[in-house]
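Q: I'd like a close look at just one part of this model, please. Could you walk me through the place where its two chains meet, and explain the terms as you go?

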Amino acid sequence: MDSMKKKYVVNKILTYTVLIIFSIIMLVPFVWMILTALKTNQEAISVNPFYILPAHGWHFENFATVWKSYNFVTLYKNTILFIFFRVVCACLTATMAGYAFGRLEFPGKKLMFSLVLIQMMIPSQIFIIPQYLMASKLHILNSTAGLVLPGVVTAFGTYLLKTGYQSLPKDLEEAAAIDGCNIGQTFLFIMMPLTRSSMISLGIFTALFAFKDLMWPMIVCTNAQTTTLSAGLAKMQGQYGSDYPAMMAAAVLAIVPMIVIYIIFQKQFVEGIATSGGKL
Amino acid sequence: MSKGKMTPSQKRQAIWGWAFITPTMLGLIILNFYPAINTVYQSLCKTGDFGKGNKFVGLANYQAVIGNTETWQSLWNTVKYAIVEVPLGIVIALILAVLLQNKLPGKGFFRTLFFLPMVCAPAAVAMVWKWLYNQQFGLLNNFFHTNAAWISDPNIAWISVGIIGVWSIIGYNMVLFIGGLQEIPKDYYEAAQIDGASGLSQFFNITVPLLSPTTFFIVQTRIIGALTVFDLMFMVMDKTNLALNKTQSIVYLFYTYAFTNSNRGYGAAIVVVLVVFIMITTLFLQKLEKKIVFYN
């Protein structure tokens with residue numbers, strides 16, 4: 001028994017050692033980003049002596065300076081609008097199509113659904129040039145509409161919601177039909193609310209993907225006033241790449257809102273990724 | 001379903017069904033299927049100045065793309081990136097997932113922490129790592145008393161970028177593994193314990209085979225993800241970087257030609273080559289799946 005206990009303790013120590021080592025590796029970039037953001041540039045690039053903590057005062061004003069000079073208010077606003085419309089469009093179109101594919105019978109269903117599956121297998125890079133030309137012809141470059149364009153429908157979301165609808169019991173529709181609901185009402189009042197968790201997964205997935213997307217915003221919004229945080233940050237690096245504290249302050253400002261949202265809604269995030277983690 | 005007349009109820013379903021799928025199907029056709037065909041068509045054209053006046057040139061773009069060593073170098077760079085990111089990202093994530101699967105104080109904290117890079121904009125991630133990798137003032141060289149040009153030495157830059165990829169993806173893989181681990185019935189482990197199997201032997205004889213569908217799914221999605229890597233490369237590797245040629249990915253090359261140089265025909269040909277490459281990889285993986293994945 002004693003040896004069992006010993007083994008248990010050794011196991012625990014080993015487990016925590018591994019976890020702590022990896023925690024440190026994961027955390028170092030974040031810590032270094034914040035510490036650099038609080039230094040002066042001179043201090044950031046002074047090699048000798050090598051400071052870890054800001055030695056000449058903590059320069060919180062770096063954040064204020066960056067906030068104003070890079071127009072973060074606009075970047076946040078653009079990003080929020082972009083994410084909002086992407087999520088609304090994706091959830092709306094995918095829930096309707098998902099319901100039809102999951103619960104209804106109609107001619108051509110198999111063929112149409114195979115188109116959905118095919119889209120999921122094609123790498124998205126092949127769509128980008130014509131999508132850009134479309135946005136250009138529609139005169140929606142440098143606008144929220146341009147940003148949202150490729151995301152108004154989602155094959156992946158349709159597939160996800162179809163699975164969600166298929167898992168619901170058959171009796172529900174029969175009961176609704178007896179109560180005199182037509183298909184539209186059954187969908188809207190009975191079935192759709194029951195796929196809430198799939199919708200949340202899709203919403204989180206879409207939001208995260210939109211937030212992290214770099215190529216499309218860079219292509220479609222070349223103007224700094226219309227672009228997103230991700231693409232805006234890429235531009236800043238090109239322009240002001242050697243002012244390290246400013247860059248790090250900008251990086252902190254760009255990631256903190258999403259990190260806060262993630263920490264609040266952790267459970268939904270993790271479940272959302274675990275259930276919808278097919279594509280990224 | 002037999003052809004011929006539909007009952008009124010079937011008719012109603014058909015009308016509602018088509019009404020519900022119409023937005024999605026129209027969207028997919030206009031935004032995905034037409035563009036895919038259009039890209040292939042453009043790859044056969046020479047883009048005129050200012051993007052105007054496509055001239056059909058047949059396979060000339062493909063000849064140029066395939067004849068250019070830059071294409072093969074970028075493809076090789078992408079494969080090298082995948083060789084760093086995919087196995088390391090998966091093995092580390094699996095270890096962490098197994099450790100975090102048991103009852104453990106602080107479990108939630110560790111999970112949150114490991115997933116954190118996943119919710120960061122790649123531009124910010126790349127900026128921070130570039131700063132860590134900085135040859136003169138970076139934390140890495142100062143901490144280890146080295147003088148490595150982490151991201152501008154052509155021999156190691158691909159590993160450096162790969163490490164950023166690993167750091168970014170561990171949490172995502174871990175979450176998927178934890179999901180897979182939860183589906184393994186506990187009785188297997190209890191039976192093994194009664195037989196006196198050690199933790200390690202349980203891991204290799206129960207966890208690994210029963211987890212193989214999840215593992216395969218992650219391998220497949222991560223390989224395709226790594227083959228289309230762009231954000232990290234674009235942010236880390238400046239146009240003036242000495243190692244750019246030996247590090248840039250194929251999607252980076254596509255972006256440069258199609259959007260920086262506005263040579264869309266050439267860019268389209270690059271992307272078609274990439275898609276073919278990915279399709280071949282996928283087919284190969286599916287063949288492999290039948291041989292190595294253990295399904296209950």
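**Where chain A meets chain B**

A: Let's start with charge: between chain B and chain A, the count of salt bridges (a side-chain nitrogen of Lys or Arg within 4 Å of a carboxyl oxygen of Asp or Glu) is zero. Please keep in mind that this is a predicted model, where local features need pLDDT of at least 70 and side-chain atom pairs pLDDT 80 or more, while totals for chains, interfaces and linings use all residues. Residues are numbered from 1 along each chain as its sequence is written, chains are lettered from A and ligands numbered from 1 in the order written, and side-chain values use heavy atoms, without hydrogens and water.

The contact (heavy atoms within 4.5 Å) involves 88 residues of chain A and 86 residues of chain B. Together the two chains bury about 8200 Å² (accessible area, 1.4 Å probe, lost on being put together and summed over both), and 80% of that lies on carbon and sulfur atoms. Across the interface there are also 15 residue pairs in polar contact, both at pLDDT 80 or more; here a pair of N or O atoms lies within 3.5 Å, one able to donate a hydrogen and the other to accept it, and neighbours in sequence count only if both atoms are side-chain atoms.

On chain B's side, the top contributor is helix α1 (residues 8-42), with 24 residues; helices are DSSP runs (H or I) of at least four residues, numbered from the N terminus. That side of chain B comprises 61 nonpolar, 17 polar and eight charged residues, where Ala, Val, Leu, Ile, Met, Phe, Trp, Tyr, Cys and Pro are nonpolar, Asp, Glu, Lys and Arg charged, and the others, Gly among them, polar.

Now zoom in on one helix pair. The axes of α1(B) and helix α10 (residues 183-194) of chain A come within 10 Å and cross at roughly 55°; axes are lines fitted to C-alpha atoms over the stretch in contact, with angles from 0 to 180 degrees between N-to-C directions. The two helices are therefore oblique to each other, meaning outside the ranges under 35 (parallel), 65 to 115 (perpendicular) and over 145 degrees (antiparallel). I183(A), G184(A) and F187(A) of α10(A) touch R12(B), Q13(B), W16(B) and F20(B) of α1(B). Sorted by type, this contact has four nonpolar residues, two polar and one charged.
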